[in-house]
Amino acid sequence: MIFKIEDVTVYFPYDNIYPEQYEYMVELKRTLDAKGHCLLEMPTGTGKTIALLSLITSYRLSRPDSPIKLVYCTRTVHEMEKTLAELKVLHDYQVLHLGTQAKILAIGLSSRKNLCVNTKVLAAENRDSVDAACRKRTASWVRALSTENPNIELCDYFENYEKAAENALLPPGVYTLEDLRAFGKNRGWCPYFLARHMVQFANVIVYSYQYLLDPKVAGIISKELQKESVVVFDEAHNIDNVCIEALSVSVRRVTLEGANRNLNKIREEIDSVQLVGRSKATDAGRLRAEYNRLVEGLALRGDLSGGDQWLANPALPHDILKEAVPGNIRRAEHFVHVLRRLLQYLGVRLDTENVEKESPVSFVSSLNSQAGIEQKTLKFCYDRLQSLMLTLEITDTDEFLPIQTVCDFATLVGTYARGFSIIIEPYDERMPHIPDPILQLSCHDASLAIKPVFDRFQSVVITSGTLSPIDLYPRLLSFTPVVSRSFKMSMTRDCICPMVLTRGSDQLPVSTKFDMRSDPGVVRNYGKLLVEMVSIVPDGVVCFFVSYSYMDGIIATWNETGILKEIMQQKLVFIETQDVVETTLALDNYRRACDCGRGAVFFSVARGKVAEGIDFDRHYGRLVVMYGVPFQYTLSKILLARLEYLRDTFQIKEGDFLTFDALRQAAQCVGRVIRSKADYGMMIFADKRYSRHDKRSKLPGWILSHLRDAHLNLSTDMAIHIAREFLRKMAQPYDKTGTMGRKTLLTQEDLEKMAETGVQDMAY
């Protein structure tokens, strides 16, 4: 359908549109007009992605003189593929109506592991090894040597791509990762470097959060993006945690041992270059040329070819000093000495009996007094190491990860005085008898990593199904949104049935509070709830627990008491583990059990992989049970330091933040069950704390609007009765378009009528 929102003609590839999609587009257009940032919470399963893509691409078409670029950030590769598939449908529809003027170039960008087509490189087991295997074949010095020595193996795809030079271009169209690989194979070009090259020409780029938020990656990939870009962070309820992880580093014993080995290897390389240099002037000349370059303040050659690029500086662009590298680390051997002293100092600090916490300022001053390394020297560690690795022509970058981590740590410690803490723990509190010292540079301020994004781009859209309470995000990320809005779900029938279960059939209260969680009565009541539910709920049931250890304990107890056996008489049981392969297999078999009508139960963990990215739509999830409130581990030293920082800097109380964080995770878990309006499902919050208003009120509006007062304080038998009634009601036929003035599917005529009468809220 084609309709107008003020002066923009919107091309929407379906015959009907949900009222909330229309409202979402209206708010989005207001944001783009104001050239500001916005926060939009839209219920899951209401077509948020297609509404966003339709409006922004149509907005671009209506302003041909100032074309905007769309940068769409997702969390997983699976979400990236889904977004590009939606965009394909939309692009075909726009081209059908507008012809060639609607053609755009849209690409997905991912790591070498997901884009490489060279089978020998892909044989490496993990991402870092694939990157290193690629560099061994594409680095400029390797390719230069291959002219003298034909036995050196190169990558044909990269060679062909380099030969094509300016002609290596992608024709307009929408390219998923699979399409890029197929195009690369067909032309004989490297899809990874082709995609990287095409980023500057593409109208739509879909990639991971890290490509914008992690300075090490953003410095290479995203530095060419123009200001007139609209950046979208989808599923952004955890965006503050992503920002914090991007600027946090942890160093263990193993890291230091690895870094020492790396330094020995670098030292050998320097010596061999200097020895050979007497007979072969070019090698020693490399080190001299590097020294001169550093004197001039150029930490890197400006004309690096694609295969030589390394990660960029871990500090944010505006915090990096634009000046000459300090004299004491210009010479390669002096720099290695400085790193040796740094490693020695870190080793001494890890030999501690007690937990220590200090600010970067005091850490740097004690480092200066004990190891004689100044703050300015620390700032340049990362760039200096990068320069040295390039000068020594080292390609095994995966082997040098430990020394990179240490330099990463040094640069961040030397650059930032506020918003960070250094925490040294001699052992993990959950396993105090195993010594495992760890030194962590922990970032507490999420606004640091995202500030350059807000400053640099015209509009940033933060959107998700769970952004409640929506007023906390502007404070955490310290920005002022021009639009901040939470949308409700328009429905013809109440297809969501949330319930709060506070006690078992024996009227004993249930909760995962620390003093109650191992109570046999609570464990029994949780088990009985599931036994009763699996006997009346068809197909798939998903259960979320607060942690792996709690899930293991409760399943073991259920097994001993025979509860698990009772469950398995009704449905098969599958469990998420910390192993990705096992979990994928369990999910696959869970789906098969649901498909063949046997029915299944899936045990999972809040904050785990399944809770974040897997949909249990249709018969794969008719009921989801959230056992307990998924609070973070509150004795964690890092969490305590962050809470203290939030209290002092943003005046956010500890309790408020912890509750907000736990409830967004709970909402994320239960939201997996509804993925479209034709779907239906029940949500049980099994913990007496959910009946308190201060906890419950932090759930998203679209869940709260279906939570009736009568469902707030249930026992197991009452919940069973409500579930029976709900499932009977859902089995009745219903009108999908909506009746009695509550239209949930709008046609083109409805929209035209709304535009004439100015009635925006006919759906509610």
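Visitor: Is R384 buried or exposed?

Guide: Burial is read from relative accessible area: under 20% is buried, over 50% is exposed and in between is partly exposed, using a 1.4 Å probe and protein chains only. R384 has a relative accessible area of 0%, so this residue is buried. Please keep in mind that this is a predicted model, in which local features need pLDDT of at least 70 and side-chain atom pairs count only at pLDDT 80 or more, while totals for chains, interfaces and linings use all residues. Residues are numbered from 1 along each chain as its sequence is written, and side-chain values use heavy atoms, with hydrogens and water left out.

Visitor: In which helix does R384 lie, and which residues does R384 touch?

Guide: Helices (H or I, at least four residues) and strands (E, at least two) are DSSP runs, numbered from the N terminus. R384 belongs to helix α19, residues 381–391. Contact means heavy atoms within 4.5 Å. Not counting residues up to four places away in sequence, R384 touches E290, L294, V325, I329, R330, R331, A332 and F335. You can also look for C407: its C-alpha atom is 9.0 Å from that of R384, although the two are 23 residues apart along the chain.

Visitor: Let me try T377. Which residues is T377 in contact with?

Guide: Leaving aside neighbours within four places in sequence, T377 is in contact with P326, N328, I329 and V338. I329 is also among the residues that R384 touches. T377 sits in helix α18, residues 375–379, and counts as buried because its relative accessibility is 2%.

Visitor: And C243, is that residue buried or exposed?

Guide: C243 has 0% relative accessibility and therefore counts as buried. Its home is helix α13, residues 239–246. Beyond neighbours within four places in sequence, C243 is in contact with L213, A446, A449 and I450. C243 and L212 are 31 residues apart in sequence, with 9.9 Å between their C-alpha atoms.

Visitor: What can I read from a whole helix, such as α8?

Guide: An α-helix has 3.6 residues a turn, so residues three or four places apart point the same way. Helix α8 covers residues 156–164, and its buried residues are F158, E159, Y161 and A164. These buried residues pack against α6 (127–138), α7 (140–146) and α10 (191–198). Just after α8 comes A165, which has a positive phi near 45 degrees.

Visitor: Where else should I look for unusual backbone values?

Guide: Most residues other than glycine have a negative phi, and most peptide bonds are trans. E235, which is not a glycine, has a positive phi near 50 degrees. E235 lies in the loop between β8 (229–233) and α13 and, at 10% relative accessibility, counts as buried. D539 has a positive phi too, of about 55 degrees. Its loop runs between α23 (520–536) and β16 (540–545), and at 22% relative accessibility D539 counts as partly exposed. For a cis peptide bond, go from S468 to P469, where omega is near -15 degrees. P469 is in the loop between β13 (459–464) and α22 (472–476).

Visitor: At what angle do α24 and α25 pack?

Guide: Axes are lines fitted to C-alpha atoms, for helices over the stretch in contact, and angles between N-to-C directions run from 0 to 180 degrees. Helix α24 (residues 548–561) and helix α25 (residues 563–570) pack at about 85 degrees, with axes 4 Å apart. That makes α24 roughly perpendicular to α25, a term for angles of 65 to 115 degrees. I555, W558, N559 and T561 of α24 meet I563, L564 and I567 of α25. By class, this contact has five nonpolar, two polar and no charged residues. Here Ala, Val, Leu, Ile, Met, Phe, Trp, Tyr, Cys and Pro count as nonpolar, Asp, Glu, Lys and Arg as charged, and the others, Gly among them, as polar.

Visitor: How many cavities of 30 Å³ or more does the structure hold?

Guide: On a 1 Å grid over the protein atoms alone, a cavity is a set of points where a 1.4 Å probe fits but cannot get out, and lining residues have an atom within 4 Å of a point. The structure holds four cavities of 30 Å³ or more. The largest has about 110 Å³ of space. Its lining has 14 residues, and the closest to the centre are C116, N118, C134, C155 and C190. Elements giving two or more residues to that lining are α6, α8 and α10, with the largest share, three residues, coming from α6. The lining divides into ten nonpolar, two polar and two charged residues.

Notes: Parallel < 35°, antiparallel > 145°, perpendicular 65-115°, else oblique. 1 Å grid on protein atoms, 1.4 Å probe; cavity = no way out; pocket = protein on both sides within 12 Å on 5 of 7 lines; lining within 4 Å. Points joined across faces, edges and corners; volume = space filled by probe spheres on them.
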